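Work through the exercises below with the model open beside you. Try each task before you read its solution.

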Amino acid sequence: MRFLDWFLLLFIFAFTIPRSVEAQNQAGFISLDCGLVPENTTYVENTINITYKSDADYIDSGSVGKIKDAYTTQFQRQLWSLRSFPDGKRNCYNVNVTANSKYLIRGSFVYGNYDGLNQLPSFDLHIGPNKWSSVTIEGVANFSMTEIIHVVTQERLQVCLVKTGPTTPFISSLELRPLPNQSYVTETGSLTRFARVFFSTSSSVIRYEEDPNDQVWSPFLNTYTKTISTDNHVDTSLSFYEVPQAVIRTAGVPANASEPWSIWWTLDETTQLSYVYMHFAEVQTLKANDIREFNITYNGGIRWYAWLRPESLKISSFASRRAMSSPDGKFNFTFTMTGNSTLPPLLNALEIYTVVDLLQLETVKDEVSAMLNIKKTYGLNKKVSWQGEPCVPQLYRWEGLNCSYPDSEPSRIISLNLNGSELNGTITSDISKLTQLIELDLSKNDLSGEIPAFFADMKLLKLINLSGNPKLNLTVPGSLQERINSKSLTLV
């Protein structure tokens, strides 16, 4: 069986019950209600006390919509509106972040028959040029959510929706949450959530404000498991994972205390690598002769941890030392009492993530910034393909660009063709930041001002076409004329 019933998780998530907890700091949170209008709107979703705002400042494409009124009562407010992308293959959000920092990135989706077509969409999500996940909407009123824990290497993060078939991509909310860099360390790759559960008879998920990082914890219980809990505070101060009190103060134990306890799951793809995180704390008051000690093995006896004794009211967290694999995608973890133990094993919380290797290198940072500035300067939002990374993946390369693709190095822009693109104003200096440029075509526009001298300093530039710009002063700077005379550059 799969460890967690996914539909149940999503159904419960939409009905998070507010609890009274100490107010938390939302510093670093980015909480976008996609398609929210008016564009300057902000509000607090009362069930979780998170402040949401419109996504309008983070994307320059797409159409706003709203789920049908019949479905709004089932979901929190940030899921009522949405942004859809009927045009273009790839549409991207641009978010300013802190470089070399770890983030939880979450996309949420409710179709709600916003378009009246009753056609359930499916599409892909990308981080920059790399696929992060596929999204398949299972029902008109179903809620879907996907998360990735990812270290961003630059000050700008691009989250893209990619059309993969006849249906239209859309998104209801986009959320970013900073995480401690010491948490969720991997050998390679980023982590997508498979399950994050705690053991409880409750029917409600736990997230912000109880979890300061707004991670979503789903309750889990089956016929082989019962729960124990405490009202006392559990010390989590030394843990990188910041597990909330509402999670760590409850624990699962085997319903039959005399038998080994097993927890099992099957990954969606048999070839996936995964990381497992387990959180323990003794939440019972033990008698003088009581001992709770157990071994953890998986898949037929492979040792995961031995002689574990949870500390009283103090968290201990254990993680895979390296990525784990199974030939059939199945994992069966067994918790067995040692000969010294008088009490059965326990487990307070479990997290399972699969590895996503984001191997496609991004375009050189300065060239991306230059192209975004060129797009803004000349108002080129109508260029449908000008979304996301300019060069990669090659399938979605921006119209009018050619790029180089060296092995093991970022892509570089080698030609830019803006022929007939209704450009006006002066020639922007951002073009000079395309230092590998060989050919530049700005012909048949309405450019004015001077021919810039910086063209002479672009050592690889071989061809410039400025014809068809009647307002442009055609006086050639001396340094540029020298290159023309030496035949190292041609100006048309």
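**Exercise 1. A cis peptide bond in a loop**

Find the loop that holds P38, then describe the peptide bond that joins V37 and P38.

Solution. Start with the place. P38 sits in the loop between β1 (30–33) and β2 (42–45). Keep in mind that this is a predicted model. Now take the bond. V37 and P38 are joined by a cis peptide bond, with omega about -5 degrees. Most peptide bonds are trans. Next, go to V392 and P393. The bond from V392 to P393 is also cis, and its omega is near -15 degrees. P393 belongs to the loop between α4 and β25.

**Exercise 2. The chain as a whole**

State how many helices and strands the protein chain has, then describe its extent and its surface.

Solution. First, the elements: the protein chain has 5 helices and 33 strands. Second, the extent: the C-alpha trace spans about 95 × 50 × 40 Å along its principal axes. Third, burial: 52% of the 492 residues count as buried. Fourth, the surface: about 21700 Å² is exposed, and carbon and sulfur atoms supply 48% of it. Last, the contacts. Among contacts with a separation of 6 or more, 73% come from residues 24 or more positions apart.

**Exercise 3. Domains and annotation**

Which residue ranges does the domain assignment give, and which residues does the UniProt annotation cover?

Solution. The assignment gives domain 1 (30–179), domain 2 (193–356) and domain 3 (365–491). The C-alpha centres of domain 2 and domain 3 are 56 Å apart. Turn to the record. An unreviewed UniProt entry carries the annotation "domain: Malectin-like" for residues 32–355. Over residues 32–355 the chain is 2% helix and 44% strand. The end C-alpha atoms of that stretch lie 26 Å apart.

**Exercise 4. A sheet of 4 strands**

Give the strand order of the open sheet that contains β18, and explain why one side of β18 and of β21 has no neighbour in the sheet.

Solution. The order is β18-β23-β20-β21, and the pairing is antiparallel. β18 (261–266) and β21 (302–308) are at the edges. Each has a single partner strand, so one side of each is left without a neighbour in the sheet. From one strand to the next, the twist averages 15 degrees.

Now walk through the pairs.

- β18 and β23 (residues 330–337) run antiparallel and are joined by 6 bridges. W261 has F335 of β23 as its bridge partner.
- β20 and β23 pair over 5 bridges, again antiparallel. Here N295 stands opposite T336.
- β20 and β21 pair over 4 bridges in the antiparallel sense. T297 has R303 in β21 as its bridge partner.

The hairpin of β20 and β21 has 3 residues between the strands, and N299 takes a positive phi near 45 degrees there.

**Exercise 5. Two faces of one strand**

Which side chains of β20 (residues 294–298) are buried, and which are not?

Solution. In a regular strand the side chains alternate between the two faces of the sheet. Apply that here. F294, I296 and Y298 point to one face and are buried. N295 and T297 point to the other and are not buried.

**Exercise 6. A loop residue beside the sheet strands**

Where is D328, and which residues is D328 in contact with beyond its neighbours within four places in sequence?

Solution. D328 lies in the loop between β22 (316–319) and β23. Beyond those neighbours, D328 is in contact with T266 and T270. Its relative accessible area is 38%, so D328 is partly exposed; the partly exposed class runs between 20% and 50%. Compare L350: D328 and L350 are 22 residues apart in sequence and 21 Å apart in space, C-alpha to C-alpha.

**Exercise 7. A mixed sheet and a helix across it**

Give the order of the 5 strands in the mixed open sheet, and locate helix α4.

Solution. The order is β25-β26-β28-β31-β33. β25 (401–404) and β33 (490–491) stand at the edges, each with a single partner strand. β26 (residues 412–417) and β28 (residues 439–441) run parallel, joined by 3 bridges. N417 stands opposite D441 in β28. Helix α4 (residues 365–377) lies across β25 and β26, at about 20 degrees to β26.

Technical notes
Residues are numbered from 1 along each chain as its sequence is written. This is a predicted model: local features need pLDDT of at least 70, side-chain atom pairs count only at pLDDT 80 or more; totals for chains, interfaces and linings use all residues. Side-chain values use heavy atoms; hydrogens and water are left out. UniProt positions are given in the numbering used here, feature names are shortened, and annotations may be inferred rather than shown by experiment. Domain bounds come from an automatic or database domain assignment. Two strands pair if DSSP finds at least two bridges between them. Axes are lines fitted to C-alpha atoms, for helices over the stretch in contact, and angles run from 0 to 180 degrees between N-to-C directions. Buried means under 20% relative accessible area, exposed over 50%, partly exposed in between (1.4 Å probe, protein chains only). Contact means heavy atoms within 4.5 Å. Accessible areas come from the Shrake-Rupley method with a 1.4 Å probe; for residues, only the protein chains shown count as cover.
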